[in-house]
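Thank you all for coming; I would like to spend a few minutes walking through one structure. Please have the sequence and the model open while I talk.

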Amino acid sequence: MAAMQRLLRAAASGGAAAARRRMGSLAAEQAPPAAAAPKGFPFAAEERMRRRPAAERNVQWVFLGCPGVGKGTYASRLSRLLGVPHIATGDLLRDELASTGPLAAQLAEIVNQGKLVSDEIIINLLSKRLKKGEDKGESGFILDGFPRTVKQAEILDGVTDIDMVVNLKLREDILVEKCLGRRICSQCGKNFNVACIDVKGENGLPAIYMAPLLPPNNCMSKMITRADDTEEVVRNRLRIYNDMSQPVEDFYREQGKLLEFDLPGGIPESWPKLLHVLNLEDQEELKLAAA
């Protein structure tokens, strides 16, 4: 963690390019030797052979956090800020399902039966996405919500280098309220949130305010709630996530790569403080680009 803080401080003095290079070098300073590329993944060995030194590429980060915490929001903002792709495994699965690729039929059957998608399929899709990006000249990435198990983290180490893992945290009672406020426009498909969270500070816990994300007038009458956004389902989903995520957090903590960030509120409150933690808050032109 000390090495991470030194790199974060150093990044602040050199702009976005320095941030990408110096923060990426954390892997070279602290990470143990990478695991062998797993067999059975057609791009894994090639990806590993094509790894570039951290100083010659952009950041390679992972974003973790409970369902509803806002991983996608902050990961996508930082991807624009640093000029790296934001890769969400959920998007990879949806894209594959919508394609005519060889996995589409298999994935459709798995999803329709309510089964979990195997590690092999997820890593296969991720490996192909990384290779496709490198072929297009992409450098670096921010992974959203992956890995979710230690096995996945170990396999990922065999495919590519991870420089830092940002773990977004929010109190469970607020997460539940936030999830229960989610709404989707049945016409345009956009996501909104009608919950206005205003929790007073007490018992040593800070006050937290999150303004609602209300839909425009043309969407207001078309709002629907996800069938699984009930309190019982949400709390069970959070319990399962916490049980699975703790070993993953420990895995990256032991590697010195885990950066835990407690969200102090909504985007207006949290975004500047996240930039501060990453020593990117002085990059005014970058903040505007990510707004």
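Before anything else I need one cut-off, since a residue is called buried here when its relative accessible area is under 20%, exposed when that area is over 50%, and partly exposed in between. Please also keep in mind that what you are looking at is a predicted model.

Let me apply that cut-off straight away to Lys131, which has a relative accessibility of 18% and therefore counts as buried. Lys131 forms a salt bridge with Asp135, and the closest N and O atoms of the two are 3.1 Å apart. Both residues belong to helix H8, where they sit four residues apart, or about one turn of the helix. Asp135, by contrast, comes out at 47% relative accessibility, so this partner counts as partly exposed.

That pair belongs to a wider set, because a side-chain nitrogen of Lys or Arg within 4 Å of a carboxyl oxygen of Asp or Glu is what is taken as a salt bridge, and a search of the whole structure finds 16 of them. Two further examples come from helix H12. In one, Arg239 pairs with Asp243, with the closest N and O atoms 3.5 Å apart; these residues are four apart in H12, so about one helical turn separates them. Arg239 is partly exposed, its relative accessible area being 45%. In the other, the side chains of Arg253 and Asp250 meet at 2.6 Å, N to O, and here the spacing within H12 is three residues, again about one turn of the helix. Arg253, at 37% relative accessibility, and Asp250, at 30%, both count as partly exposed. Salt bridges with shared partners link Lys169, Asp250, Arg253 and Glu260 into one network.

Now to the sheet. What is the order of the strands in the open sheet of five? The order is E2-E3-E1-E4-E10, and the pairing is parallel. E2 and strand E10, residues 258–262, are the edge strands, each pairing on one side only, and from one strand to the next the twist averages 25 degrees. At the E2 end, E2 and E3 pair in the parallel sense over three bridges, with Ala88 having Asp144 as its bridge partner in E3.

Helices pack on this sheet as well. Helix H12, residues 231–254, touches E1, E4 and E10, and its direction makes about 130 degrees with that of E10. Helix H5, residues 71–82, lies across E1, E2, E3 and E4, running at about 160 degrees to E1.

Let me turn to helix H6, residues 89–97, whose buried residues are Thr89, Leu92, Leu93 and Glu96. Why do these residues lie on the same side of H6? They cover an arc of only 95 degrees around the axis, and this is what puts them on one side of the helix. Arg94 and Asp95, on the other side of H6, are exposed. The cover over the buried residues includes strands E2 and E3 together with helices H7 and H8, and H8 is the helix that holds the Lys131 and Asp135 pair.

A second pattern of pairing involves strand E5, residues 182–185. E5 runs antiparallel to strand E6, residues 191–193, and three bridges join the two, with Arg183 standing opposite Phe192. The two strands form a hairpin with five residues between them, and in the turn Gly189 has a positive phi of about 85 degrees. E5 is also joined by two bridges to strand E9, residues 223–224, again in the antiparallel sense, where Cys185 has Met223 as its bridge partner.

I will finish with two individual residues. Lys178, in helix H10, is buried yet has no salt bridge, and the nearest side chain of opposite charge, that of Glu269, is 11 Å away. Leaving aside residues up to four places away in sequence, Lys178 touches Gly68, Val69, Gly70, Asn193, Ile197 and Met210.

The other residue is Asn58, which lies in the loop between helix H4 and E1. With a relative accessible area of 16%, Asn58 is buried. Its C-alpha atom is separated by 5.4 Å from that of Ser139, although the two residues are 81 apart along the chain.

Conventions:
Residues numbered from 1 in each chain as written. Predicted model: local features only at pLDDT ≥ 70, side-chain atom pairs only at ≥ 80, totals over all residues. Heavy atoms only, no water. Buried < 20%, exposed > 50% of the residue type's maximum accessible area, 1.4 Å probe, protein only. Lys, Arg positive; Asp, Glu negative; His and termini not counted. Contact = heavy atoms within 4.5 Å. Pairing = 2+ DSSP bridges. Arc of directions from axis to C-beta. Axes fitted to C-alpha atoms, helices over the stretch in contact; angles between N-to-C directions.
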